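Start with the chain below. The report then moves from single residues to the overall fold.

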Amino acid sequence: MRSSVEKTTPSPVKVLRRTSTASSLEDGAFALVLPVLAEQSTGKYGVAAVFVAVTAPWALASLPIGYLADHMSRTRLLRISAVVRTGLAALLAALYLFGSPAPGIVAVVAFGLGSCAVASEIARQSLVPQLVSKPDQLVSANTEIAKVSQLYGGFVGPLVGGALLTWSQSGATIALAMFALITLIVTLGLPETPALRDEPMRVQTMVTVGLDGFRHIYRQRTLLTLAALSFTVSAIWYVWQTSFTAFALADNGLGASSLGYSVLLLAGTAGALVGNQLVQHVTRTFPLRTVLSMSLAVWVVWFVVPALTSSWYAILACLVLGGSGGLLWNTVSITARQLATEGHLLGRTTAAYRMVTRTGRVIGAAIAGLMMTHTSWQHIFAICAGAVAAVAVGILVLYRDRSMLEPEAR
């Protein structure tokens with residue numbers, strides 16, 4: 001009887017994967033609905049405001065959240081985040097149900113949801129090494145979680161979000177609140193994990209101890225290099241991503257409906273799912289610097305195609321390529337960070353690393369808002385493609401030593 005129970009009990013990694021599935025579905029739906037709601041109320045500047053609001057918490061909240069992830073149960077942090085997300089989703093639904101909210105309210109709620117997303121991602125990535133028994137299982141576990149995150153966050157979620165926007169705005173936001181509630185219920189089913197530090201949490205030490213993540217990155221050549229590269233790439237990406245979203249929704253752009261925009265997001269996810277099948281083979285075959293340059297070479301095609309044509313078929317094809325390259329970059333950087341960091345420091349290191357790289361997104365979204373007032377979309381896309389190409393060449397030229405970008409074994 002006991003052996004039968006043990007066989008039917010899912011592994012901790014599978015339970016975390018289920019939580020990631022529910023959370024990613026919610027994130028994917030919100031990722032489509034929030035920019036569309038903002039565009040409907042304030043135009044392309046509302047889109048830029050939402051992208052800034054979603055990404056700003058990485059710069060503003062990462063440090064204290066990383067401290068919490070190393071000083072309390074990471075499972076508990078996931079649960080708290082799910083509770084707050086549900087409350088924010090319910091608030092947004094209530095505002096649309098009882099009238100038209102003020103134009104800036106979507107960006108305000110987006111900031112709150114983005115803060116919760118920061119806590120969830122830091123907690124999940126820090127939790128994975130606690131759930132696997134050997135370091136060589138990290139790539140497999142990260143790839144498996146990335147697969148469901150891409151499938152539901154980039155495919156199912158946006159498709160559902162696009163379908164919801166064919167209803168009324170109030171109906172769409174109510175449905176999103178229900179998704180948040182489902183995520184909360186699934187998250188409550190996670191097994192409890194212990195905190196890795198016995199010392200009590202103190203507000204006065206939050207900043208000083210939280211800085212340990214930055215110190216670790218500075219001492220680790222691999223992490224410092226990856227953080228600098230990811231900051232640059234993230235800034236360029238979000239100039240492109242913010243501009244492309246406005247371009248896709250604008251009447252003088254692609255003129256996509258909410259459902260059509262969801263199809264564009266699905267194309268990127270389809271590429272990520274294809275890339276998911278190749279990532280382990282590629283990372284075993286090539287040195288890290290080559291893998292990163294290969295990823296960015298794909299990004300160049302991804303970024304430049306909308307500068308050359310407004311053909312939906314060509315743009316869908318480039319988004320498929322982009323999804324594959326993006327997954328490859330993300331999986332490599334996450335795994336390198338986990339291998340080069342001790343478990344008790346992983347929360348603060350993840351927070352510090354993400355704070356650096358996601359600050360690039362905030363800057364990129366803000367730059368896009370400025371560029372869209374003076375520069376055509378096609379010129380913005382071409383500039384982004386050229387900038388990413390320069391980074392890819394720089395990796396190959398500046399980092400010729402294979403060990404320079406290889407993660408140190410833990």
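## Ser170 in helix α8

A polar contact of 3.1 Å connects the side chain of Ser170 with that of Ser168. The model is predicted. Ser170 belongs to helix α8. Beyond neighbours within four places in sequence, Ser170 is in contact with Tyr96 and Leu97.

## Thr187 in the same element

Thr187 is also placed in helix α8, which covers residues 169-188. Is Thr187 buried or exposed? Its relative accessible area is 3%, so Thr187 is buried; the cut-off for buried is under 20%.

A polar atom of the Thr187 side chain lies 2.7 Å from the backbone oxygen of Thr183. These two residues sit in a familiar kind of spacing. An α-helix has 3.6 residues a turn, so residues three or four places apart point the same way. Leaving out residues up to four places away in sequence, Thr187 touches Thr19, Leu78, Arg79 and Ala82.

## Helix α5 and Leu91

Helix α5 spans residues 74-97, and Leu91 lies in it. Leu91 is partly exposed, because its relative accessible area is 42% and the partly exposed class runs between 20% and 50%.

How far apart in space are Leu91 and Ala177? Their C-alpha atoms are 8.5 Å apart, while 86 residues separate them in sequence.

## Salt bridges around Arg85

How many salt bridges are there? The count comes to 2. Side chains of opposite charge can pair when their charged atoms come close. One salt bridge joins Arg85 to Glu26, with the closest N and O atoms 3.2 Å apart. This pair links distant parts of the chain: Arg85 is in helix α5, Glu26 is in helix α2 (residues 12-42), and their positions lie 59 residues apart in the numbering. Arg85 and Glu26 are both buried.

Arg85 also meets Asp27 in a salt bridge, at 2.6 Å from N to O. Arg85 lies in helix α5 and Asp27 in helix α2, so this pair ties together parts 58 residues apart in sequence. Glu26, Asp27 and Arg85 are thus members of a network of salt bridges.

The burial of the Arg85–Asp27 partners can be read from their accessibilities. Arg85 counts as buried because its relative accessibility is 3%. Asp27 counts as partly exposed because its relative accessibility is 28%.

## Helix α4

Helix α4 covers residues 62-71. Of its 10 residues, 8 are buried, so the helix is largely enclosed by the rest of the structure. The buried residues are Ser62, Leu63, Ile65, Gly66, Tyr67, Ala69, Asp70 and His71.

## Nonpolar cores and helix α11

The largest nonpolar core has 87 residues. Which of its members touch the most others? They are Phe244, Leu296, Phe303 and Leu319. Helix α11 (residues 221-249) gives the most to this core, with 15 residues. A second, separate core has 21 residues, including Trp58, Ile122, Leu131 and Ala141.

Take Leu296 from the largest core. Not counting residues up to four places away in sequence, Leu296 touches Val233, Trp329, Val388, Val391, Ala392 and Ile395.

Helix α11 itself has 29 residues. From first C-alpha to last, α11 reaches 42 Å, close to the 42 Å expected at 1.5 Å a residue. The helix is mostly covered, with 24 of its 29 residues buried.

## Cysteines

How many disulfides does the structure hold? The number is 0. A disulfide is a covalent bond between the sulfur atoms of two cysteines. Cys116 is buried because its relative accessible area is 7%. Cys384 counts as buried too, because its relative accessibility is 3%.

## The whole chain

The protein has 16 helices and 0 strands. Of its 410 residues, 55% are buried. Contacts reach far along the sequence: among those between residues at least 6 apart, 86% join residues at least 24 apart.

Technical notes: Residues are numbered from 1 along each chain as its sequence is written. This is a predicted model: local features need pLDDT of at least 70, side-chain atom pairs count only at pLDDT 80 or more; totals for chains, interfaces and linings use all residues. Side-chain values use heavy atoms; hydrogens and water are left out. A nonpolar core is a set of buried Ala, Val, Leu, Ile, Met, Phe, Trp, Tyr and Cys residues joined through side-chain atoms within 4.5 Å. Buried means under 20% relative accessible area, exposed over 50%, partly exposed in between (1.4 Å probe, protein chains only). Helices (H or I, at least four residues) and strands (E, at least two) are DSSP runs, numbered from the N terminus. Contact means heavy atoms within 4.5 Å. A polar contact is a pair of N or O atoms within 3.5 Å; within protein, one must be able to donate a hydrogen and the other to accept it, and residues adjacent in sequence count only if both atoms are side-chain atoms. The expected span of a helix is 1.5 Å times one less than its number of residues. A disulfide is a pair of cysteine sulfur atoms within 2.5 Å. A salt bridge is a side-chain nitrogen of Lys or Arg within 4 Å of a carboxyl oxygen of Asp or Glu.
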